Protein chains: 2
Amino acid sequence: MERVYIADAAEHVDQNVTIKGWVHNKTHKGKLLFIMLRDGTGMIQAVVFKGNFDEDYFDELIRLAQESAILVTGKIVQDKRSKGGFELQADEVTIHHEAQEYPITPKEHGIEFLMDHRHLWLRSTKQNALLKVRHKVIKASRDFLDNNGFTLVDAPIFTPSACEGTTNLFETEYFDAQAYLTQSGQLYMEAGAMAFGKVYCFGPTFRAEKSKTRRHLTEFWMVEPEMAYCDLQEDMIWAEKMVEYVAQYVLNTCEKELTLLERDLSKLETIKAPFPRITYDQAAEILKKANSDFVYGDDFGAPDETILSQEFEKPLMVTHYPADVKAFYMKRDPDNPERALCVDVLAPEGYGEIIGGGQREDNLDELLKRIKEHELPEEAFQWYTDLRRYGSVPHSGFGMGIERTVTWLTGTHHVREAIPFPRTMTRLYP
Amino acid sequence: MERVYIADAAEHVDQNVTIKGWVHNKTHKGKLLFIMLRDGTGMIQAVVFKGNFDEDYFDELIRLAQESAILVTGKIVQDKRSKGGFELQADEVTIHHEAQEYPITPKEHGIEFLMDHRHLWLRSTKQNALLKVRHKVIKASRDFLDNNGFTLVDAPIFTPSACEGTTNLFETEYFDAQAYLTQSGQLYMEAGAMAFGKVYCFGPTFRAEKSKTRRHLTEFWMVEPEMAYCDLQEDMIWAEKMVEYVAQYVLNTCEKELTLLERDLSKLETIKAPFPRITYDQAAEILKKANSDFVYGDDFGAPDETILSQEFEKPLMVTHYPADVKAFYMKRDPDNPERALCVDVLAPEGYGEIIGGGQREDNLDELLKRIKEHELPEEAFQWYTDLRRYGSVPHSGFGMGIERTVTWLTGTHHVREAIPFPRTMTRLYP
């Protein structure tokens, strides 16, 4: 019998097929047993009629534990009352593996228990839907860049030096040397932009931050585009176009998942460029009016970002932060050297920062001065400063955090559910 | 004036445009200066006529160092004699940044020198072409899986335990614990397959091998699909279909790059499924006839793989290795428990292994026995063995090494040129 996936049921109506899956749950009414069957691509109700089976075997099916592996052969019929619109009229049910008592039951479980069982929790409908959206967010980001002439240039994970300062780095012995795990591929993307014009990297990045907030992971994925001959203004246009593309792609391809996650779709429909732009000073004014305890001159904290991003329906682009709170490679605003030519994009509804970016310092002397000021090892940055010796051009880029973007688009509270196997300060298992 | 990219020159014939790029090289004949301009998307010859410029400025242009950043405004005209088929008749040339003397000249350089300058070497035509093919290999792999119903499930980089034994692991302090950098996402993909049916991960993996061969990097990228309800035979069909798709995609989209790299395109045209299949025993026969010093019962070494892969025009699938030389999670052949239900795919022309895969042990007791035999910490594998407690099904998968695949498809000798910033035992910079 032809094996089909539940997601393809519509193409096999009134056909006899085999579906290979697992028992998600079941109910039993007299001579009928209804098995909600899942195969990873969807769910279908299998209707098992006692009359078609040996009595003992029917009883065995009734007792099957959740997540037992079964093969069901039968006819797919259209049924509007059924979840998904189809039903499988079972002629044969083969028990492939009887599960032990499944630890994740319909009752409430604490988050630590669920995370200890992440390898099983992924089978739950909500987690399944969340990670399917994650896949689409990643695909959309790559497609957007590929379709716009960007070249993928993977940044290294092992680096000889720190990109954004030496704190919060994971370190490893590297034969006779020490290596650090990358915090960002940006510096390498600058080299890439000079070679390919427009580039991006897409990979895991690492920060050993002792943060237990709902926005922090020690291991998270970033997409980082970088463009040669590009200033802050053009950088911001790329950023808003990419966010628009990703949001609309998810809206168009994940309606089922977003509905299951009870996401308000109208909030995503409004995510169209252009996005509002305000300066750091204007943002500070908003915070003052909202009675935040924000101190002018500091970077915004998570609560400040929440306030700011609740003020707008679209992602908010905040520019011109004080140079002191930003990384050494940021170009200063020629009209006001105290300010950096940078942009943070804050997702609406209080989700906060999803993108950080800006124009990079392209003047060799200025850059060397910053490296000295930040007490960074000049020798380790020799290659990076070379980019200002051989055909230096204005260039800009940004990094978009995947987990934060997924969290926002799916309306999820905590980034830890937006990655298959989250790593936090207190979690390294499974 | 509209800025255009060189790759789009054909769409702007007889139009006045600005191209922003770098001086790749130049020649000077009397009143004419020919600048080969590169912008990362391609090359175009800019023709600069002395009569159109101030004499001193023309002299300055003649003296411009390689890789200086310039903006050239002028008319794009069709010219069959020119590289790329177009020429730019310069009306204006703006020097944006005069480069210092460029270290990479047309003369021969040693590999260590070039690798020390990898951040600049990427600008060279050959390296540029190689990495553009890499981008397409990655895109094709993802597209193939996305189009065939696979869900992307990113595997974690930090792991609490070793997947393929405890040697060759990079280790890092993880707050109060120790973490290891992943050698393979496979075990996590097995959990993913039970949740989503068909999954893949795509990310960097790490091996602290003290190997200085042309096939080894300490940091390399792998794509790892895993399928539930899938045996070795179906696994092999997925593997050959994916390799065919990637090879044909590269052939169709990278003809310019492959030609520049002097790749024999006819060798890639033959890469169509099905691929030849032989067992380990049959492979041993071939090696014996070739007078290899291969010892029956051992794993194949790189020279053995070279001999085997030279025997066939297509990738070669070798199955049923002795279980003893394969990882603990491999399912044994029920007809001969000394053999594993595994497959290695060896690329032709002597390139050797690009894929390793097989069917996984799905029986709980067997798996627990193997974990004990391999002296692996049972507790760290609790989650992994859980997959055999709750709806265990036959499942299989494989991992394809990106750098080895790029090396083969481009006809390159060493994997270190198939990744933007290679990491080897002796290289961590730039």
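1. **Contacts of B:Pro322.** Leaving aside residues up to four places away in sequence, B:Pro322 touches B:Tyr280, B:Gly297, B:Glu338 and B:Arg339. One of these partners, B:Gly297, lies 25 residues apart from B:Pro322 along the chain. Their C-alpha atoms are separated by 6.5 Å. Keep in mind that this is a predicted model.

2. **Where B:Pro322 sits.** Look in the loop between β13 (316-319) and β14 (332-333) of chain B. Is B:Pro322 buried or exposed? Its relative accessible area is 10%. The cut-off for buried is under 20%, so B:Pro322 counts as buried.

3. **Helix α13 of chain B.** This helix covers residues 402-410. Eight of its nine residues are buried, so the rest of the structure largely encloses it. The buried residues are B:Ile402, B:Glu403, B:Thr405, B:Val406, B:Thr407, B:Trp408, B:Leu409 and B:Thr410. Find B:Trp408 and B:Glu403 in the model; both are on that list.

4. **After the helix.** B:Gly411 follows α13(B). The phi of B:Gly411 is positive, near 65°.

5. **The contact between the chains.** How many residues does each chain bring? Chain A gives 102 residues, and chain B gives 102 residues. The area buried between them is about 7,900 Å². Carbon and sulfur atoms give 63% of that area.

6. **Polar links across the contact.** Between chain B and chain A there are four salt bridges. One of them joins the side chains of A:Lys139 and B:Asp146, at 4.0 Å from N to O. There are also 50 residue pairs in polar contact between the chains, with both residues at pLDDT 80 or more.

7. **What the B side is made of.** Which element supplies the largest share of the side of chain B that touches chain A? Helix α4 (residues 125-147) of chain B does, with 10 residues. By class, this side of chain B has 52 nonpolar, 22 polar and 28 charged residues.

8. **Symmetry.** Chain B can be superposed on chain A by a rotation of 180°, with 0.0 Å of shift along the axis. The RMSD is 0.0 Å. The two copies are therefore related as by a two-fold rotation axis. Which C-alpha of chain B is nearest the axis? That of B:Thr172, 2.5 Å from it. Both copies use the same surface: 100% of the contact residues of chain B recur in chain A.

Key: Residues numbered from 1 in each chain as written. Chains lettered and ligands numbered in written order. Predicted model: local features only at pLDDT ≥ 70, side-chain atom pairs only at ≥ 80, totals over all residues. Heavy atoms only, no water. Contact = heavy atoms within 4.5 Å. Buried area = accessible area lost by both parts, 1.4 Å probe. Polar contact = N/O pair within 3.5 Å; in protein donor to acceptor, adjacent residues only side chain to side chain. Helix = DSSP H or I, 4+ residues; strand = E, 2+ residues; numbered from the N terminus. Nonpolar A, V, L, I, M, F, W, Y, C, P; charged D, E, K, R; others polar. Least-squares fit on C-alpha atoms with pLDDT ≥ 70 in both. Buried < 20%, exposed > 50% of the residue type's maximum accessible area, 1.4 Å probe, protein only.
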